[in-house]
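Subject: Structure for your review

Dear colleague,

Please find below the structure that I am handing over to you. A short account of the findings follows it.

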Amino acid sequence: MKIAIMGAMVEEIEPLLKFLGDYETIKVAGNTYYKATYKDLELIIAYSKIGKVFASLTASTMIEKFGAEKLLFSGVAGAINPKLKIGDLIAATSLCQHDLDITAFGHPFGYVPEGKVFIQSDKTLLGIAKEVASDLDRELLEGIIATGDQFVADESRKNWISDTFGADALEMEGASVAVVCDALEVPFFILRAISDSADMDAGFSFEEFLETSAKESADFVICMLDKLATK
Ligand code: 4EZ
């Protein structure tokens, strides 16, 4: 089986590449793609660069050019749900775009005609994540992730996203990856470890915890590969 693993920033995929040790690199459309094998899995790994547009390009490339049959995203996020502390994991049950706005025409936030506000994650992959969490005796929150082309470092924006979408965490790529995978009918899974609380201290917190939280997320994804390989 061919599995794509993507992050947005190099820090988000570095722990995976370190773990695998051996890989081939291929350049496509301004990004580097890493091909590796793990047990009986063929892996295609990349970081997209930050934001929805770059993430869409990378997810599309992984599926259409490299033939990925499932896609796993690993990275960090800002917490909305107060249960989420630095380093905690959240797996998206569904994702939405908080910055998509044609409300001037009477549509709800996050909606465009022929689209949908929330894209659901693959239930089988969520099930595998739950198994891993219980094996590791690790807390895994399942919830809504809101995505937009903004680093949110503002309590009032964060509260608006919470009130409007009921989101538990926010970041800048997940929903765009979800839209691509949904359209191309590829099961996807979005995992994030918390790096900050999207408040006025978010910038400092993000810089301090990017590396350690990114590793929390990547290590969990590696454990998911073990389940995917033996199935
Ligand atoms: C985007 N990623 C942050 C990229 C920041 C700085 C050079 C995750 C993220 C995030 N996104 C962590 N905390 C966030 C926040 N408060 N708002 C948006 O996916 C790049």
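How many salt bridges does a search of the whole structure find? The search finds 12 salt bridges. Please bear in mind that this is a predicted model.

One of these pairs is Arg192 with Glu12, whose closest N and O atoms are 3.8 Å apart. Arg192 belongs to strand 10 and Glu12 to helix 1, so the salt bridge ties together parts that are 180 residues apart in sequence. Arg192 is buried, at 1% relative accessibility, and Glu12 is buried as well, at 2%. Both residues also take part in a network of salt bridges that includes Glu171 and Glu173.

A further salt bridge joins Lys227 to Asp135, with the closest N and O atoms 2.6 Å apart. Since Lys227 lies in helix 6 and Asp135 in helix 3, this pair links parts that are 92 residues apart in sequence. Lys227 counts as buried, with a relative accessibility of 18%, because the cut-off for buried is under 20%. Asp135, in contrast, is exposed at 53%.

Two residues other than glycine deserve a note on their backbone. Asp137 has a positive phi, near 55°, and is found in the loop between helix 3 and strand 8. Ala198 also has a positive phi near 55°; its place is the loop between strand 10 and helix 6. Asp137 is exposed, with a relative accessible area of 73%, whereas Ala198 is buried, with a value of 0%.

Yours sincerely,
A colleague

Methods. Residues numbered from 1 in each chain as written. Predicted model: local features only at pLDDT ≥ 70, side-chain atom pairs only at ≥ 80, totals over all residues. Heavy atoms only, no water. Helix = DSSP H or I, 4+ residues; strand = E, 2+ residues; numbered from the N terminus. Buried < 20%, exposed > 50% of the residue type's maximum accessible area, 1.4 Å probe, protein only. Salt bridge = Lys/Arg side-chain N within 4 Å of Asp/Glu carboxyl O.
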